[in-house]
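Let's walk through this structure together, one chain and one contact at a time. Have your viewer ready and follow along.

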Amino acid sequence: MSSRAVKNISKQDLREKARMIRLETLRLTDICGSGHYGSTFSMAELVAVLYYQLLHVDPKNAKWPDRDRFTMGKGHAAIGLYPVLADLGFFPTDWLDTYTRFGSPLGDHPDMKKVPGADFSSGSIGHNLSVSVGMALGLKRKKSPGRVVCLMGDGEQAEGQVWEAAISGAHWGLDNLVGIVDINAAGSDGHPQETMKTEPLKAKWEAFGWRTFVLADGHDLDAVSDTLNRALNAPNGRPTCVLAYTVAGKGVSFMEHGWEWHLGFLGPKDLERAYREVMQGEVG
Amino acid sequence: MNKYVPQPRAPGISYMTAEMKAAIDLSESRIGDMADEATWDMAASLGLSRQITTGEVLTDLADEGRDDIVVCTADLGRPTQVIGFGRKYPDRYFNFGIAERNMIGAAAGLATTGHLPVISNYSFFLALMGVENIRNDICYPGLNVRMIGTHSGIAMGFYGTSHHCNEDIGALRAIAGLTVMAPCDGNAIRAALRATIDVHGPIYFRVGRGRETVVYESPPEWSIGGSNCLREGDDASLGAADILKAEGIALSVVDMYSIRPIDRAPIRRAAKANGFVLSAEEHNITSGFGSAVAEVIAEEGLSCKLHRIGMPDDYSLLGPPTHLYRHYGLDAEGVAARVRKALGK
């Protein structure tokens, strides 16, 4: 496949977008009274690079048939996607102020029927790589240049359906399909590798026929940008998996690592502390 | 590009108070050095699901000598409160990670080796994702497996459709050989698990998020096909019944915890006494508990009208659970309004 257009954005600007994702996650969680900090902060750089640099989408034409698709296996981190979609103009930014309030389109998990720019609903772990396989098959049949990117969690790698999707993605040579695993080492019951060991993931994805890249630091913007761009420019005939090793809660010192801040809420003083750290921090 | 400036603080909803915090175990929480009463992390919030007593009952049963009990979960040992069993009996606590169908099949396998597997997981992932495995692996062979589906109905509010479960009664009561029961609080769960522990065959228990109002002050009578009359006239305090009592309307309230098989006697009694029956459930009215009541009324030729309270034939809106219950008429005032309507008032 020919090399795809990449949007011209500086590293500093990408860093500010990732900062916006974290700040808005703090603010929206404050509106809701509850939020998934850990898994949203771990994916901030991945999402910033995808939406502001690499994905071909059109906020004025959200259903553009040749657009790239982004699906979330880890739908509980949608709170980090909404500010990006609003910032890009998929929907008015004041929608964000209604986050999880009665009747809002914006819930804890993304809803494709309610949120412009959300390519598929999510919330039940393990479904969306299969959905992405279907999207990739459909785009190929229509000879569309669109790519499909599915962001999964590391706990999600225990789902059998992920591997059924992996088999089919390789079987049909879906070089327009990219799977990203956000390996933040935090699940509901603790460290996913202690709950159910799925490593070595690189050997597994390769054995399942996927070109596999390891992002040793999923917060390093240069590496994220380079790796995801290579993933989206796959040679013919194979899907690509990016194993992104990240830190749950990245950017707020007292939330980093561990399962405890998978879900939570910050009172006003603690929230100010988190705001300050994110404002002053230089992640990426 | 300018640095992003956060908006002023939004009027937040606080789900945690100092009083609540004082009553929960914070040993695993990381909020120790945090400043605010309102601050909580996941470890702290789990302490609020106090009505999910599963782990405690199973641990007690194991302490009493039940060596056959094994517990299965899919990365939800903490939210479903069975982790306490796992800490005390780690050699018979199996956490499958996020792999529900694998867990259900493995529980069936464990049952064939003389164990009594108790699966505890969110109802939407256990009953809805796993329904075919439940049917083929557990129910068709008639295996001794207990399934506890938690956080049912719309208790998860703003988590959205994927985390709502308004179809499990309908899906599961269609499966031959499966008993379906709904313990409404912590004491009901205690009674349900203990009273049925030696019953042969599979049972599904549908429970809530664990933050429900206490109905039973102690474990109630419990049997397959049974029910408990909570209020005959005005001998117990229950939301809607209390509202109506103030208006001179005396209501009988029955906890129809056994959905399949269902207790027919209270339905006959209510039909005869009042000329109408009102069913209330946090489930779609199609195929749920109200439909089971309708079957009894039709089969027995009872001359009465049935008013079904439940979720309409639609997917719930998003929002805080309190707002959703009010919107769908599932709170005390909503139920009271339906009774007034039934009485033509």
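Which residue stands opposite W40(B) in β1(B)? The partner of W40(B) is F265(A). Before going further, a word on what you are looking at: this is a predicted model, in which local features need pLDDT of at least 70, side-chain atom pairs count only at pLDDT 80 or more, and totals for chains, interfaces and linings use all residues. Residues are numbered from 1 along each chain as its sequence is written, while chains are lettered from A and ligands numbered from 1 in the order in which they are written.

Back to that pair of residues. F265(A) faces W40(B) where strand β6 (residues 264–265) of chain A is joined to β1(B) by 2 bridges, the strands running antiparallel. Two strands pair here if DSSP finds at least two bridges between them; helices (H or I, at least four residues) and strands (E, at least two) are DSSP runs, numbered from the N terminus.

Now widen the view to the whole contact between the chains, which takes 53 residues from chain A and 51 residues from chain B. Two residues are in contact if their C-beta atoms, placed from the backbone, lie within 7 Å. On the side of chain B that touches chain A, the elements giving two or more residues are β1 (40–41), α2 (42–45), α5 (100–111) and α6 (123–129) of chain B. Of these, α2(B) gives the most, with 3 residues. That side of chain B divides into 25 nonpolar, 16 polar and 10 charged residues, where Ala, Val, Leu, Ile, Met, Phe, Trp, Tyr, Cys and Pro count as nonpolar, Asp, Glu, Lys and Arg as charged, and the others, Gly among them, as polar.

Turn next to chain A, which has 9 helices and 6 strands. Its radius of gyration is 18 Å, close to the 19 Å that the globule rule gives for 284 residues, so chain A is as compact as a globular protein of that length. The radius is taken over C-alpha atoms, and the rule is 2.2 Å times the number of residues to the power 0.38. Along its principal axes, the C-alpha trace of chain A spans about 55 × 45 × 35 Å. Buried residues make up 61% of the 284 residues in chain A; a residue is buried if 20 or more other C-beta atoms, placed from the backbone, lie within 10 Å of its own.

Strand β1 (residues 69–72) of chain A is covered on both faces, with R69(A) and T71(A) buried on one side and F70(A) and M72(A) buried on the other. This strand, β1(A), runs parallel to strand β2 (residues 148–153) of chain A, and 4 bridges join them. Within β2(A), V149(A) is the bridge partner of F70(A).

Finally, chain B is divided into domain 1 (48–206) and domain 2 (228–342), with bounds from an automatic or database domain assignment. Their centres, taken over C-alpha atoms, are separated by 26 Å, and the contact takes 21 residues from each of domain 1 and domain 2 of chain B.

Helix α3 (residues 54–63) of chain B has T54(B), G55(B), V57(B) and L58(B) as its buried residues. They cover an arc of only 165 degrees around the axis, which puts them on the same side of α3(B); the arc is that of the directions from the helix axis to the C-beta atoms. These buried residues of α3(B) pack against β2 (69–73), α4 (83–88), β4 (116–122), β5 (146–150) and α9 (186–195) of chain B.

Definitions and conventions. Buried ≥ 20, exposed ≤ 12 C-beta atoms within 10 Å, placed from the backbone.
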